[in-house]
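Dear colleague,

I am handing over the structure below, together with an account of what was found in it. Please look through the sequence and the model before reading on.

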Amino acid sequence: MIQIKDSLGVDTRPLDKNKDKPAGSRSKVSTGSEGQSSQDKVVLSGKSKEAARANEVLAATPPTRQEKIDEIKQRIANNEYHVPSNEVAGRMIVDFLREMA
């Protein structure tokens, strides 16, 4: 039986940069009192930070009142729910200015 990795010339040895060095000459990372590397560091991307913030906001949001939501959906479906356009525009401006601050 022919193994594909052998026929393609893929090296299956472990990826150890120090494999040719004697065990005593390998560099060691200093550890702190808890056994963690003093060089360990966590860096979050911008999207991760946004997701974490969204999760915080969601957790702080009070539960929805489903009956109120259902009532508004029904009024929209029956074409009975109207909001004056000047109120919508005014709220959009207020929200925009609040974000800019």
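**Salt bridges in helix 4**

The side chains of Arg98 and Asp95 come together in a salt bridge, with 3.8 Å from N to O. Please keep in mind, here and throughout, that this is a predicted model. Both Arg98 and Asp95 belong to helix 4, where three residues, or about one turn of the helix, lie between their positions. An α-helix has 3.6 residues a turn, so residues three or four places apart point the same way.

Asp95 has a further partner in Arg91, and in that salt bridge the closest N and O atoms are 3.1 Å apart. Arg91 and Asp95 are also both in helix 4, four residues apart, which again is about one turn of the helix. As for their surroundings, Arg98 counts as exposed because its relative accessibility is 55%, and Arg91 is likewise exposed, with a relative accessible area of 52%. Asp95, at 27% relative accessibility, counts as partly exposed, since the partly exposed class runs between the 20% and 50% limits.

Arg98 and Asp95, to return to the pair named at the start, meet at 3.8 Å (N to O). Salt bridges that share partners thus link Arg91, Asp95 and Arg98 into one network.

**The salt bridge in helix 2**

The structure holds three salt bridges, and one of them joins the side chains of Glu56 and Arg53, at 3.4 Å from N to O. Because Glu56 and Arg53 are three residues apart in helix 2 (residues 46–60), about one helical turn separates them. Glu56 is partly exposed, its relative accessible area being 49%, whereas Arg53 counts as exposed at 53% relative accessibility; the limit that matters for both is 50%, over which a residue is called exposed.

**The chain as a whole**

Taking the chain from its N terminus, the elements run α-α-α-α, which is to say that there are four helices and zero strands. How many of the 101 residues count as buried? The share is given as 0%, where buried means under 20% relative accessible area. The accessible surface of the chain comes to about 10,100 Å², and carbon and sulfur atoms account for 55% of that surface.

**Helices 3 and 4**

For helix 3 (residues 66–77), the twelve residues should span 16 Å at 1.5 Å a residue, and the end C-alpha atoms are indeed 16 Å apart, so the two values agree. After helix 3 comes Asn79, which has a positive phi, near 60 degrees.

The 16 residues of helix 4 should span 22 Å on the same basis of 1.5 Å a residue, and the distance of 23 Å between the end C-alpha atoms agrees with this. Is helix 4 covered, or does it lie largely in the open? The number of buried residues among its 16 is zero, so helix 4 lies largely in the open.

**A nonpolar surface patch**

Finally, Ile76, Tyr81, Val83, Val88 and Met92 make a nonpolar patch on the surface, of about 460 Å². One of these residues, Val88, has its place in helix 4 (residues 85–100). Val88 counts as partly exposed because its relative accessibility is 38%.

With kind regards

Note on methods
Residues numbered from 1 in each chain as written. Predicted model: local features only at pLDDT ≥ 70, side-chain atom pairs only at ≥ 80, totals over all residues. Heavy atoms only, no water. Patch = residues over 30% accessible without salt bridge, like charges linked within 9 Å, V, L, I, M, F, W, Y side chains within 5 Å. Areas by Shrake-Rupley, 256 points an atom, 1.4 Å probe, with all protein chains shown as cover. Salt bridge = Lys/Arg side-chain N within 4 Å of Asp/Glu carboxyl O. Helix = DSSP H or I, 4+ residues; strand = E, 2+ residues; numbered from the N terminus. Buried < 20%, exposed > 50% of the residue type's maximum accessible area, 1.4 Å probe, protein only. Expected span 1.5 Å × (residues − 1).
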